[in-house]
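The following account leads the reader through one structure, beginning with a salt bridge and its exposure and passing on to sheets, pockets and cavities.

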Amino acid sequence: MPAQTRADTVAAVAEYTERAVLATTPARSVSTVLVDTSAADDRSTRSSFQAARLWGSRLELGVPGAEWGAAVARGLRHAAQIGAREVVLADSAVPADLDAPAGHTQIASALTQLRAQERPGVVCSPLAAPWWQRLLAIHVLRPMCAPTLGVTLLDPQARTLVLSGTAIPAALAPTWGLLRMSWEHGHGLGILAAVCQAGLNLGQTLPRIPHPDVFARSMRRDPLDRNDAAPLLRIALRMASIPTTAREPAPVVPWVADLGLIRGQLPPPEVFTAMLTQCVQAGHEAAAPAGVAAGWPEPLLASWHTARTLRANIPALTEGLWLAYLARLGPWLRFAASAGGYTLPARTSVVAAARQFLLATGTPIAAEQTADDSYGEDLVPPLPGTG
């Protein structure tokens with residue numbers, strides 16, 4: 001558990017995670033490790049962790065001031081040293097399905113799925129969020145990462161992962177230079193890329209439903225925060241140049257079962273207005289020609305191909321892709337609003353663009369699905385406060 005000043009959730013998440021592990025492997029010894037990145041004189045997170053009611057052993061590793069990726073690397077090195085057979089990387093900021101029976105949580109599902117893989121590697125346990133907080137993933141990150149990963153990720157930030165013992169050295173391999181691949185900024189895309197390149201399997205569970213308080217905070221986040229987006233865009237661009245493994249790639253679906261939001265839900269009016277304003281300003285700044293939005297995913301494809309060149313300027317590509325994405329987003333948001341929210345017509349436009357991108361990158365595509373078939377509203381319960 002990489003954590004910084006998470007005294008309010010760390011004990012609950014530690015208990016929840018241990019229960020899930022014990023429910024799937026009751027005879028195996030379990031150790032819960034806190035990698036605390038709080039200031040050296042701040043013991044609130046460690047005190048909360050000590051108060052957690054755990055059956056197995058516990059350990060505190062202090063890395064004051066470390067970024068998320070450095071904390072994760074410290075935890076994975078410890079797991080490698082003790083010969084861990086499996087590791088759950090749990091995001092301490094997200095108490096998800098805490099009250100569910102231990103064997104029915106998404107962490108338990110991820111462990112079960114990992115053990116069923118032909119070459120056990122990693123399983124993501126994605127997080128639910130409002131659709132307007134996932135627009136970067138929907139329009140850019142999911143298709144761009146799919147050629148390398150062989151899967152369309154629900155949540156490209158991938159902050160909660162279950163890794164096999166074999167995947168640990170792959171993620172830590174120095175040749176990857178994962179810190180240079182931006183995974184220090186609070187997401188696991190670099191880990192996923194390393195595990196896939198090692199020839200191991202990657203999977204994901206249905207999304208976890210967050211605690212109502214956590215979901216309420218996610219509603220207030222800026223959905224178009226460039227500082228949050230830039231690290232994800234950089235690593236997605238770097239992944240474009242990763243050579244495919246020798247094994248036959250699995251077909252990729254252009255769309256993946258989403259996070260169970262009810263039809264017709266729109267962002268709050270003030271959020272929607274702010275998003276449109278930012279998109280318009282970015283369009284002027286980029287001097288985007290008319291028809292850029294209609295021409296999507298051409299800007300995405302151009303960025304992907306350029307990133308594969310030997311001397312690709314990733315920072316410049318990141319900036320250009322961000323502006324192209326905003327130019328795409330403004331007209332699309334107006335279309336979504338006129339359609340009454342994130343409804344079938346709005347999703348269909350995304351599926352068509354993703355399919356075109358995958359075909360143009362030579363990525364095998366799975367059997368035809370409609371956006372409605374794969375939306376997943378019947379699979380995932382509504383999010384807190386959405387009805």
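A residue is called buried when its relative accessible area is under 20%, exposed when that area is over 50%, and partly exposed in between. The model discussed here is predicted. Glutamate 118, at 66% relative accessibility, therefore counts as exposed. This residue forms a salt bridge with arginine 119, and the closest N and O atoms of the pair are 3.4 Å apart. Arginine 119 has a relative accessible area of 27%, so the arginine is partly exposed.

In total, the structure holds eight salt bridges. One of them joins arginine 46 to aspartate 36, with the closest N and O atoms 2.7 Å apart. Because arginine 46 belongs to helix α2 (residues 44-51) and aspartate 36 to strand β2 (residues 31-36), this pair ties together parts that are ten residues apart in sequence. Arginine 46 and aspartate 36 are both buried.

Another salt bridge links glutamate 86 with arginine 115, where the closest N and O atoms are 2.8 Å apart. Glutamate 86 lies in strand β4 and arginine 115 in helix α4 (residues 106-116), so parts 29 residues apart in sequence are tied together. Glutamate 86 has a relative accessible area of 22% and is therefore partly exposed. Arginine 115 is partly exposed as well, because its relative accessible area is 31%. Glu86 and Arg115 also belong to a network of salt bridges that includes Arg28.

The sheets come next. Strands of a sheet pair through backbone hydrogen bonds, in either a parallel or an antiparallel sense. Strand β4, which carries glutamate 86, belongs to an open sheet of four strands in the order β4-β6-β5-β7, with mixed pairing. The edges of this sheet are β4 (86-89) and β7 (202-204), each of which pairs on one side only. On average, and with direction ignored, neighbouring strands of the sheet are turned by 15 degrees against each other.

Which pairings account for the mixed character of this sheet? Starting from the β4 edge, β4 and β6 pair in the antiparallel sense over four bridges, and leucine 89 stands opposite leucine 161 in β6. Strands β5 and β6 also run antiparallel and are joined by three bridges; here cysteine 124 stands opposite leucine 161 in β6. By contrast, β5 (residues 122-124) and β7 pair in the parallel sense, over three bridges. Within this parallel pair, valine 123 has glycine 203 of β7 as its bridge partner.

Strand β6 (residues 161-164) is covered on both faces. Leu161 and Leu163 lie on one side and Val162 and Ser164 on the other, and all four are buried.

A further open sheet has three strands in the order β1-β2-β3, and its pairing is parallel. Its edge strands are β1 (2-3) and β3 (57-62), each pairing on one side only. Two bridges join β1 to β2, and proline 2 has valine 35 in β2 as its bridge partner. Strand β2 is also where aspartate 36, the partner of arginine 46, is found.

Elements of both sheets meet at a pocket. The second largest pocket holds about 630 Å³ of space. Of the 31 residues in its lining, Ser31, Ala84, Glu86, Val87 and Val88 are the closest to its centre. The elements that contribute two or more residues to this lining are α1 (10-24), β2, α3 (68-81), β4 and α4. Helix α3 gives the largest share, six residues. By class, the lining comprises 18 nonpolar, eight polar and five charged residues. Glu86, one of the residues closest to the pocket centre, is also the salt-bridge partner of arginine 115.

The enclosed spaces remain to be described. There are three cavities of 30 Å³ or more, and the largest has a volume of about 40 Å³. Its lining consists of Ile138, His139, Pro143, Trp296, Pro297, Leu300, Arg328, Val350, Ala353 and Ala354. Helices α5 (135-149) and α13 (344-360) each supply at least two of these residues. By class, eight residues of the lining are nonpolar, one is polar and one is charged.

Terms used. Residues numbered from 1 in each chain as written. Predicted model: local features only at pLDDT ≥ 70, side-chain atom pairs only at ≥ 80, totals over all residues. Heavy atoms only, no water. 1 Å grid on protein atoms, 1.4 Å probe; cavity = no way out; pocket = protein on both sides within 12 Å on 5 of 7 lines; lining within 4 Å. Points joined across faces, edges and corners; volume = space filled by probe spheres on them. Nonpolar A, V, L, I, M, F, W, Y, C, P; charged D, E, K, R; others polar. Pairing = 2+ DSSP bridges. Axes fitted to C-alpha atoms, helices over the stretch in contact; angles between N-to-C directions. Salt bridge = Lys/Arg side-chain N within 4 Å of Asp/Glu carboxyl O. Buried < 20%, exposed > 50% of the residue type's maximum accessible area, 1.4 Å probe, protein only.
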